[in-house]
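The exercises below are meant to be worked through with the sequence and the 3D view side by side. Try each task before reading its solution.

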Amino acid sequence: MIKAENKWKYKRLLKNAAFAGVCLVVAACCLFPFYWAVVSSFRDGANIFSTDLWPTHLSFENYKTVFKDKTFLCSFWNSAAVATMTAFLTLAVCLFAAYPLARHRFPGRKRVLMIALGVTTLPQVAVLSGMFELIRVLDIYNEKAALVLSYMIITVPFTLWTMTNFMKSIPKEIEEAAIMDGANQRTILMKVFFPILGPATVTTGLLAFIAAWNEFLFALTFTLTNQARTVPVSLALFSGASQHEVPYGLIMAASVLVTLPLVVLVVIFQRRIISGLTVGSVKG
Amino acid sequence: MKKNEMQEMNGGKLIKMPKGQKKTSVKKDNPWLNNWLFLAPCLLTLALCAGWPLLKTIYFSFTDAALDSLNDFEFIGIDNFINLARDQDWWIAVKNTFVITVVAVPLETILGMMIALILHKNFKGRGWMRAIVLVPWTIPTIVSARMWAWMLNDVYGIVNELLIRVGIIDSPIPWIASNTLSIVSIILVDVWKTTPYMALLLLAGLQSLPQDCFEAAEVDSIPFRKVLMKIILPLMKPTIIVAMVFRGLETFKIFDLVYILSSGNSATATMSVFARKHLVDYADVGFGSAAATALLFFIAFLSIFYISFNRKKLNKLS
């Protein structure tokens, strides 16, 4: 009897250990590249070629160089500005649009949602030449406005779906109570729905911000000068004095700087981001 | 809020208005006008930054427009498409795109399912695990491409070094310099980067399954393998298919990773890279647009599939 119990305990322990092992492997796979970038970024000069897995050097030389690099700082500012503007504009447009889509039934409603879904599947290159012409016509080539405009195609459909889903989840009793109190649609939206949706808005705004911050193809195509570039572009075009000598230490330092704000945001808003990512996307 | 979201995941009900009944009792509102007024900015934005450029691109694909003469071009019919069909590099790009998609998406699904099952379990440190799993998704694509390019460097890369140390290989492998291997690298990095997202989608699906199934299986002490094969996978089938099609569509458009991780030659290009190269680098807007339009057709084909699967969800929304 006791033996059987011990055996059972032993089995359970083994099972737990195996599970912990799998967890560790998964965590290591997820984190190692970023860890390695951090470790490499603290190795200056020839130390970068060290393959010691532990952080053996601690030199801020790479970071100093990056911070002295005006082009990089400029692109950092560009990215922040473009991503913020994109997020705000997207939210402004989608918050209003999501209201009738989520709360009302009217002809054409389904079609609007379908169109938004269709736009999410559009490849970016498929709008590239048309967008290029539009930007030329509007005379905003090589400016932030060009990027904000083109990023809307990525952020708006996604945000629209997510916001519609969030807004749909507000119980109708709240709306009915407001109607009973004599509120019209605009008051319901501004005084009832928007405050309730505060957290959801932060989530979707954050997702739009991240999407804009990470975008590469449009940024590469619609900017020309160093002053107009965003971080991904300047990172991609970062090269050393000669073609064969890629300054990996610098690139890693810049990469860490670019990623750190995002990682912090995601760890803080982890739960919200997950709900935002899954509420608007595919589910069976 | 939280509770509502859960309700949402379980397919919460929506206000159903009988046809013909007025939306609100407030007379001042004209619901029809109001609805479209609210929608107008969004629709205008979509028309301006998606509709117009899309139509224009398709239009350009029938012309010989060049980048520096976007107003001065001639209509040349389907010549661009004929040239495209004759272009060997294009077919290489098509093949590469297909290979990457067909290999990467199933890998992501399997690994994503594994991670989703881990995250679905209730254990100490689950919050941490969830945050850690999100990290690859958070890192900008260009950054991960550059990070991996450094790790996969043939001379100084840590990956070769570790593989040699463990004894799997004898000499360094040219992960990025070799054409075949650079496709492998692209798939590797794409899987690393997008598996978290897949895991989240599948986790949402797992959480919306009737949980008493799992409890019943546990009470009957049915081995996990059987639970997975007989309960979880059959119930998750629709979610898995939709997630795979969704990821397939995304992978089909792959650009950033390929741009960084291959040496830029046509042997490793994908359709997006090919189209952009002709459009911008060679300034041949007509031909580039034709390639982009062809990619659009591939995507449209997949999209119809995808949207018809989402129809079910749309019906839930309405």
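A salt bridge is counted here when a side-chain nitrogen of Lys or Arg lies within 4 Å of a carboxyl oxygen of Asp or Glu. The model is predicted, and by this rule seven salt bridges are found over all chains.

**Exercise 1. Find the acidic partners of Arg247(B) in its network of salt bridges, and say which helices they join.**

Step 1. Begin with Glu108(B), whose side chain forms a salt bridge with that of Arg247(B) at 3.1 Å, N to O. Glu108(B) belongs to helix H4 (residues 88–120) of chain B and Arg247(B) to helix H10 (residues 224–252) of chain B, so this pair ties together parts that are 139 residues apart in sequence.

Step 2. Turn next to Asp190(B), which meets Arg247(B) in a salt bridge at 3.9 Å, N to O, a distance that falls within the 4 Å limit. Because Asp190(B) sits in helix H8 (residues 179–207) of chain B and Arg247(B) in helix H10, this pair ties together parts that are 57 residues apart in sequence.

Step 3. Put the two pairs together: Glu108(B), Asp190(B) and Arg247(B) are linked in a network of salt bridges. Glu108(B) and Arg247(B) are both buried, and Asp190(B) is buried as well.

**Exercise 2. Decide whether Arg165(B) and Glu161(B) are buried, partly exposed or exposed.**

Step 1. Locate the pair: the side chains of Arg165(B) and Glu161(B) meet in a salt bridge at 3.2 Å, N to O. Both residues lie in helix H7 (residues 158–166) of chain B, four residues apart, which is about one turn of the helix.

Step 2. Apply the cut-offs, under 20% relative accessible area for buried and over 50% for exposed. Arg165(B) has a relative accessible area of 47% and is therefore partly exposed, while Glu161(B), at 26%, also counts as partly exposed.

**Exercise 3. Describe the largest nonpolar core and say where it lies.**

Step 1. The largest nonpolar core has 172 residues, and those with the most contacts inside it are Trp137(B), Leu206(B) and Ile232(B). Its largest share, 14 residues, comes from H8(B). Since domain 1 (2–43) and domain 2 (65–279) of chain A both give residues to this core, it lies between them.

Step 2. Look at the surroundings of Leu206(B), where, leaving aside residues up to four places away in sequence, the residues touched include Met113(B), Leu117(B), Phe214(B), Ile232(B) and Met236(B). Apart from the largest core lies another, of 19 residues, among them Ala98(A), Met167(A) and Leu197(A).

**Exercise 4. Explain why helix H12 of chain B can be called largely enclosed.**

Step 1. Of the eleven residues of helix H12 (residues 271–281) of chain B, nine are buried, so the helix is largely enclosed by the rest of the structure. The buried residues include Met271(B), Phe274(B), Arg276(B) and Leu279(B).

Step 2. Follow the chain onward, and just after H12(B) you reach Ala283(B), which takes a positive phi of about 55°.

**Exercise 5. Work out which helices line the largest pocket.**

Step 1. The largest pocket has a volume of about 1700 Å³. Its lining is made of 38 residues, of which Lys15(A), Phe19(A), Lys121(B), Glu218(B) and Phe224(B) lie nearest its centre.

Step 2. Helix H1 (2–41) of chain A, together with H4, helix H5 (126–138), H8, helix H9 (211–219) and H10 of chain B, each supply at least two residues of the lining. H1(A) gives the largest share, ten residues.

Methods
Residues are numbered from 1 along each chain as its sequence is written. Chains are lettered from A and ligands numbered from 1 in the order in which they are written. This is a predicted model: local features need pLDDT of at least 70, side-chain atom pairs count only at pLDDT 80 or more; totals for chains, interfaces and linings use all residues. Side-chain values use heavy atoms; hydrogens and water are left out. Buried means under 20% relative accessible area, exposed over 50%, partly exposed in between (1.4 Å probe, protein chains only). A nonpolar core is a set of buried Ala, Val, Leu, Ile, Met, Phe, Trp, Tyr and Cys residues joined through side-chain atoms within 4.5 Å. Domain bounds come from an automatic or database domain assignment. Contact means heavy atoms within 4.5 Å. On a 1 Å grid over the protein atoms alone, a cavity is a set of points where a 1.4 Å probe fits but cannot get out, and a pocket is an open set with protein on both sides within 12 Å along at least five of seven lines; lining residues have an atom within 4 Å of a point. Grid points are joined across faces, edges and corners, and a volume is the space filled by probe spheres set on the points.
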